[in-house]
Structure formats: C-alpha cells, structure tokens
Amino acid sequence: MQLNAQAGVLFAENLSGVRAIIDGNGIAITITGLLIVFAALAAISLFIAALPRLLSALGPYLPEIESHHDLPSGKGAATKSSRDDDIDPRLVAAIGWAVHATRQSDR
C-alpha cells in the first residue's frame with residue numbers, strides 16, 4: 001500500500017486477496033456495514049411490531065375510509081345506500097352476476 005502524501009489519498013496497488021482487505025480496513029468497513037444494516041432492519045421490525053398499537057391509538061383522530069366495496073349496513077341498507085343519489089351496490093352486484101351468468105352460459 002502506498003500513501004500519497006501530497007494528496008492524502010491511499011492507494012492499494014499491487015495488493016490482492018486477504019492482505020488487501022486487511023490493509024484497506026475491509027474488516028472494519030464490513031462490520032460497520034453489517035451493524036448499520038442490522039440496526040436499520042431492527043428499527044423497521046420494531047416499527048412494524050408497534051404499528052397496530054400506534055394505529056389503534058391514532059384511530060380516533062384519523063378519518064374513516066370509505067370504499068366503493070363497502071356495503072351499507074344497518075336499517076334500510078337493502079334499499080338505499082348512504083347517499084340518495086347513489087345506486088344500491090347490491091343491485092350492481094346482482095346485475096354483474098346476471099351478466100356473468102349469461103356469458104358463462106353462452107360458452
């Protein structure tokens with residue numbers, strides 16, 4: 001290994017194999033990299049483990065998500081959706097089933 005004193009740059013010339021790894025601080029760099037990756041994966045794992053508790057704690061403050069896949073529930077759900085101008089999703093499902101059954105019988 002040659003040290004360029006003017007530029008302060010370390011050159012690894014004519015070295016190969018284990019000697020190059022040792023002279024280039026390869027072991028320390030490897031251990032540092034492994035520790036960084038381990039710490040990052042541990043942090044991600046802890047975050048995923050704590051996520052259900054975090055979401056249940058934040059639940060009252062987060063808005064409810066409405067999806068077009070949700071069927072209305074409760075009294076009057078069979079005849080009306082949550083808004084008066086919406087089409088009943090059960091009617092849409094029935095029409096979709098009828099179209100599907102018709103196409104299947106044509107085969």
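**Reading the labels on a predicted model**

Of the 107 residues in the protein chain, 5% count as buried, and the model discussed here is a predicted one.

Trainee: What makes up the protein chain, in helices and strands?

Mentor: The protein chain has 3 helices and 2 strands, and read from the N terminus the order of these elements is β-β-α-α-α. Among the contacts with a separation of 6 or more, 0% are between residues 24 or more positions apart. The accessible surface of the chain is about 9600 Å², with 64% of that belonging to carbon and sulfur atoms.

Trainee: Why is Leu41 called exposed?

Mentor: The relative accessible area of Leu41 is 54%, and the word exposed is used for values over 50%, so Leu41 is rightly called exposed. As for its place in the chain, Leu41 belongs to helix H2, which covers residues 26-58.

Trainee: Which residues form the nonpolar patch on the surface together with Leu41?

Mentor: The patch consists of Val37, Leu41, Ile44, Phe47, Ile48, Leu54, Leu55, Leu58, Tyr61 and Leu62, and together they have about 1000 Å² of accessible area. A patch residue needs over 30% relative accessible area, and Leu41, at 54%, therefore meets that requirement.

Trainee: What does the UniProt annotation say about residues 27-51, and how much of that span is helix?

Mentor: An unreviewed UniProt entry annotates residues 27-51 as "transmembrane region", and such an annotation may be inferred rather than shown by experiment. In the model the span is 100% helix and 0% strand, and its end C-alpha atoms lie 36 Å apart.

Trainee: How do you know that Asp23 and Arg19 meet in a salt bridge?

Mentor: The N to O distance between the side chains of Asp23 and Arg19 is 3.3 Å, and the cut-off is within 4 Å, so the pair qualifies as a salt bridge. The structure holds 1 salt bridge. Side chains of opposite charge can pair when their charged atoms come close. Asp23 and Arg19 are 4 residues apart in helix H1 (residues 17-23), which means that about one helical turn separates them.

Trainee: Why is Asp23 called partly exposed?

Mentor: Its relative accessible area is 22%, and because partly exposed lies between under 20% for buried and over 50% for exposed, Asp23 is given the middle label.

Trainee: What makes Asn25 worth a second look, as far as its phi is concerned?

Mentor: Asn25, in the loop between H1 and H2, has a positive phi of about 60° although it is not a glycine. Most residues other than glycine have a negative phi.

Conventions: Residues numbered from 1 in each chain as written. Predicted model: local features only at pLDDT ≥ 70, side-chain atom pairs only at ≥ 80, totals over all residues. Heavy atoms only, no water. Patch = residues over 30% accessible without salt bridge, like charges linked within 9 Å, V, L, I, M, F, W, Y side chains within 5 Å. Areas by Shrake-Rupley, 256 points an atom, 1.4 Å probe, with all protein chains shown as cover. Buried < 20%, exposed > 50% of the residue type's maximum accessible area, 1.4 Å probe, protein only. Contact = heavy atoms within 4.5 Å.
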